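Please look at the sequence and the structure together, and keep both at hand while you read this report. The text follows one helix and its surroundings, and then turns to a cavity and a few single residues.

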Amino acid sequence: MIPNSYRKRQRVPHRHTSATRLSSTTTVVNSFSDKTVSESSQKLHRTSSAASTITTSPNAVTSSFNDPYTADVLLRLFVDRSPFDSDAPSDSSRQSDIQIYLHSAVIRRAKYFAAILSDCWQHRTNADAKSNNGAEGSRSNDNNNNLVQLNLAVVDDPNSISIRLTVLQLLYTSDFATVIDSASTALEILPVALELLFEDCVKPCLRFLEAVPWSEEEEKRVLSLIPFLREEESKELLARLSPGKEDSSEEMLHGLILAAIHNHPNMAFVKAFVAKLLRDFSSRESARRVLERAFETSLKVVKESLEEYTSPDFRGDHNETEAIQRLNLHTAMTNGRHLLWLVERMIELRVADSAVVVWSEQASFTADLQRAFRDDAWRNIVPGLPAVVLRCTCKLANAVAAGTILAARQVRMKLVKDWLPVLLVCKDNVSPMLPSHKPLHLELEETFLRIISTLPMSDAQVLLQQCLSFSTRNVEDCPHLITAFNTWFRRATRPPQLENLD
């Protein structure tokens, strides 16, 4: 029995997932088929590193791994096969029973062996006390009578024997870096070191794993070992594997969006990359919250800039006031572009419901836009500002008209009611009309008319009267307007249907 004081760790079942170079003993283990390690002892000495020896005390003889002449422990490593296993031997079974000569003073570094040896010495002392001669036995190199014989069972895994040989060899050295040279190697050695309570080996394995990258498969193996580590040992690994707070993913996405639209010099490529991350993100609700947060922030900046532009403070120097006005327009233009990108992402992910509601409740903002666009100052400063604002409106209105966003009747009505005047001001005052603006204006006209067709007759009547400006010199050039009025009059001349509902 192992004393309770040594049960600080649970045994860790070793699982091999890939063949890796663990140490020089790995190349030797293939020669162990039904032979003892003593038969290959010299070969082990030749292939092992120079560090595989240890001196137990200043006056002691140097102890070497698997040295039958100085060893006082004989360890039998064998595969513990289940009675339900197939009778056909596996590759590991063919080398499933080997013996290694070890030194008790060395292997006590592993608390598992320290406990076993303590128990063995206690039994041996009791046996000697009962013997009638009490004489100290002599040990011959020709037999193993005076060796402490230990058995260590391993699971039937391809590399289970060789990995344990590697860990046993590491008991004879303090130079772990020559063996633990990759994450896969550390992950092969660590479970065995935990099983044997070999603390001096556990520490360098953990230190190596904490410092190097992992593949996805290696990360899964690290996670499987976390429950067998002490809290202080797993702290660094857990910090890398799990977030410190629940909303860390959203904070990360929000930070990426801000970096993409504000700070990064190569903005187009970065925006495309962040857009892909948003599309691939597993939680659409998280993406919704992050985009809505960024949308509201950018919209607030645009609104405040337009408000300051349309209500300037003339108490200062004229040049200073003009500079502030230019800055307000540039700020509105820059954040308007950000707003357009955010609207496109929200529509793409089908999470623009709240954005449509917010956009339909901008009576003061649309009033500021009308005042700004009736002024000529913006033309030479931010000539593209009207198009940016109208594109945001057109994207959201198109999503509503197409049914991508199912907006309530009041939202649809207010969206047209508040933003139709902005469109009309842009048509009247953005002169001469830029060629790129004509398709945008026409698209928004058609979209507004489609939304009007979804409203009650009374609301549609009021809004359609404001759409007369959509007409052109040639009546045949505005079929969308003709269709909208024909639809309204067709419905208006239809007999009332209310009595049929009774």
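Helix α6 is largely enclosed by the rest of the structure, because 13 of its 13 residues are buried, where buried means under 20% relative accessible area, exposed over 50%, and partly exposed in between, with a 1.4 Å probe and protein chains only. The model is a predicted one, in which local features need pLDDT of at least 70 and side-chain atom pairs count only at pLDDT 80 or more, while totals for chains, interfaces and linings use all residues. Residues are numbered from 1 along each chain as its sequence is written, and side-chain values use heavy atoms, with hydrogens and water left out.

Helix α6 covers residues 183-195, and its 13 residues reach 19 Å from the first C-alpha to the last, which is close to the 18 Å expected at 1.5 Å a residue. Helices (H or I, at least four residues) and strands (E, at least two) are DSSP runs, numbered from the N terminus, and the expected span of a helix is 1.5 Å times one less than its number of residues. A kink of about 25° lies at I189 in α6, shortly before the proline P191; the bend at a residue is the angle between axes fitted to the seven residues ending there and the seven starting there.

Before this helix, I180 is found in the loop between α5 (160-170) and α6, and I180 is buried, with a relative accessible area of 5%. The C-alpha atoms of I180 and L190 are 9.9 Å from each other, although these residues stand 10 residues apart along the chain. On the other side, L197 is found in the loop between α6 and α7 (199-211).

Two residues that take a positive phi can be set side by side.

| Residue | Phi | Loop | Relative accessibility |
|---|---|---|---|
| N66 | near 60° | between β2 (62-64) and β3 (73-79) | 0%, buried |
| L197 | about 55° | between α6 and α7 (199-211) | 6%, buried |

Neither residue is a glycine: N66 is described as a residue other than glycine, and L197 has its positive phi although it is not a glycine.

What does a search of the whole structure find in the way of cavities of 30 Å³ or more? The search finds one such cavity, and about 50 Å³ of space lies in the largest cavity. On a 1 Å grid over the protein atoms alone, a cavity is a set of points where a 1.4 Å probe fits but cannot get out, and lining residues have an atom within 4 Å of a point. The elements that give two or more residues to this lining are α13 (318-348) and α16 (385-402), and α16 gives the most, with four residues. Among the lining residues are W359, F365 and C392, and the lining divides into nine nonpolar, one polar and no charged residues.

Two further buried residues lie in helices. H480 lies in helix α20 (residues 479-492) and counts as buried at 12% relative accessibility, and its side chain makes a polar contact with the side chain of E445 at 2.9 Å, a polar contact being a pair of N or O atoms within 3.5 Å, of which one must be able to donate a hydrogen and the other to accept it. L253 has its place in helix α10 (residues 248-263) and is buried, with a relative accessible area of 6%, and L253 and S286, 33 residues apart in sequence, are 8.9 Å apart in space, C-alpha to C-alpha.

Note on methods:
1 Å grid on protein atoms, 1.4 Å probe; cavity = no way out; pocket = protein on both sides within 12 Å on 5 of 7 lines; lining within 4 Å. Points joined across faces, edges and corners; volume = space filled by probe spheres on them. Nonpolar A, V, L, I, M, F, W, Y, C, P; charged D, E, K, R; others polar.
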